[in-house]
Amino acid sequence: MADTGRKVVIAMSGGVDSSVAAALLVQQGYDVTGMMLRLWSEEGTAGDNRCCTPDAMAQARRIAALIGIPFYALDARDLFRHEVVDPFIQEYVRGVTPNPCLLCNCKVRWGFLLDHARAMGADYLATGHYARIRRTTEGSVELLKGLDERKDQSYVLSVLNQNQLRHTLYPLGEMTKPEVRQLARDFNLPVAERPESQDLCFLADGDYRRFLRDQAPGQVVPGPIVNAQGIVLGEHQGLANYTIGQRKGLGVPSLTPLYVIGKDLATNTLRVGAVTDLGGRFLTANQMNWVSGQTPDVSLRVTVKIRYKAVELPAWVHLMDGDRARVELDTPARDITPGQRAVFYQGDVCLGGGTIE
């Protein structure tokens, strides 16, 4: 049930999810304010960040007017460049494959935007994410998967802490995407059929390889491609252009399919091999975040996602010194990729996770 009259800032994007979330909050009796972040985009493409195009800004403003709430835009371009885009470039140049959405959630949405919302007197920040929050009798909060497993976004929210989640609402957590689109029609919102954006928001053309060439000139340089025996098979066009498990675009003739199985940054070498050379049963993760705020003192039986859209795999998590953990999978996984996040679950509860080393 809604806490009638409590102030909520809803992060709006002009899309169907945040628009329906805003309308639901108004219907439930909250005092709602809509806010949209202006995020960095490439020079010469101002306004073309996919999260805040001029069209999306106009649409969000129109939705706010239709449901009768105030709407503001906040400039977070410099922060977004510093906290999200620069690390994205640095990690790719370092030979790993980051997920910038996690950084954005941690530093920008539940950093800058939540702080702004709280400073203006709001009790909660709400978003259109498909996830749920459960408040326990002890006063802590748990992060749960969204009811619609096909849309569940708890993976990208696994970086949040107790304080952030205590001041968060996910109005769509108990709904499926078709139900949300139907609500948009019921609310007479002109976004019911609006398509979803899939690409990284700050890429003007969706091509991260071109983006890296432009943003890190001289850092992405050719080097040798070698097989498992160390034999040079060809030349790669920069380690940042390849991901673990990649098969297409290697430019190496072979009678059997070859896959990227590793990168050696020190020698600028790309290692390729057969599909049987991919993956394994073990990974190490660092920069651990436990949603509960409590680091477990024993090994945990969990399921783990090693990418946002990956299938959950049964595993053990063994705690190591500092903020690190060793993950032992029951069965080998092909696409264990440094820079991605390993996120742990027990049933519907998202325990947190760490960055794969």
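**Close-up 1. Antiparallel pairing of strand S13 with strands S16 and S14.** In this predicted model, three bridges connect strand S13 with strand S16 (residues 341-346), and the pairing is antiparallel. Within strand S16, Val343 is the bridge partner of Lys305. Strand S13 (residues 300-305) also runs antiparallel to strand S14 (residues 313-319), to which five bridges join it. In that pairing, Ala315 of S14 is the residue opposite Val302. Strands of a sheet pair through backbone hydrogen bonds, in either a parallel or an antiparallel manner.

**Close-up 2. An open sheet of four strands.** The strands of this sheet follow the order S9-S8-S11-S10, and their pairing is mixed. The edges are formed by strand S9 (232-236) and strand S10 (259-264); each has a single partner strand, so one side of each is left without a neighbour in the sheet. From one strand to the next, the twist averages 30°.

**Close-up 3. The parallel pairing of strands S8 and S11.** Strand S8 (residues 223-226) and strand S11 (residues 269-273) run parallel and are joined by two bridges. Opposite Ile225 stands Leu270, a residue of S11. In the strand order of the open sheet, S9-S8-S11-S10, these two strands appear side by side.

**Close-up 4. The crossing of helices H1 and H7.** Helix H1 (residues 16-27) and helix H7 (residues 177-186) have axes that come within 9 Å of each other and cross at roughly 65°. This crossing of H1 and H7 is left-handed. On the H1 side, the contact is made by Val16, Asp17, Val20 and Leu24; these meet Lys177, Val180, Arg181, Leu183 and Ala184 of H7. By type, the residues of the contact comprise six nonpolar and three charged, with no polar residue among them.

**Close-up 5. The largest nonpolar core and a separate second core.** The largest nonpolar core of the predicted model contains 47 residues, and Phe80, Tyr170 and Phe202 are those with the most contacts inside it. Helix H4 (residues 100-119) contributes the largest share of this core, namely seven residues. Apart from the largest core lies another, made up of 33 residues, including Ala23, Tyr124, Leu172 and Ala192.

Conventions:
Residues numbered from 1 in each chain as written. Predicted model: local features only at pLDDT ≥ 70, side-chain atom pairs only at ≥ 80, totals over all residues. Heavy atoms only, no water. Core = buried A, V, L, I, M, F, W, Y, C linked by side-chain atoms within 4.5 Å. Buried < 20%, exposed > 50% of the residue type's maximum accessible area, 1.4 Å probe, protein only. Axes fitted to C-alpha atoms, helices over the stretch in contact; angles between N-to-C directions. Left-handed = near helix turned anticlockwise from the far one by under 90°. Contact = heavy atoms within 4.5 Å. Nonpolar A, V, L, I, M, F, W, Y, C, P; charged D, E, K, R; others polar. Pairing = 2+ DSSP bridges.
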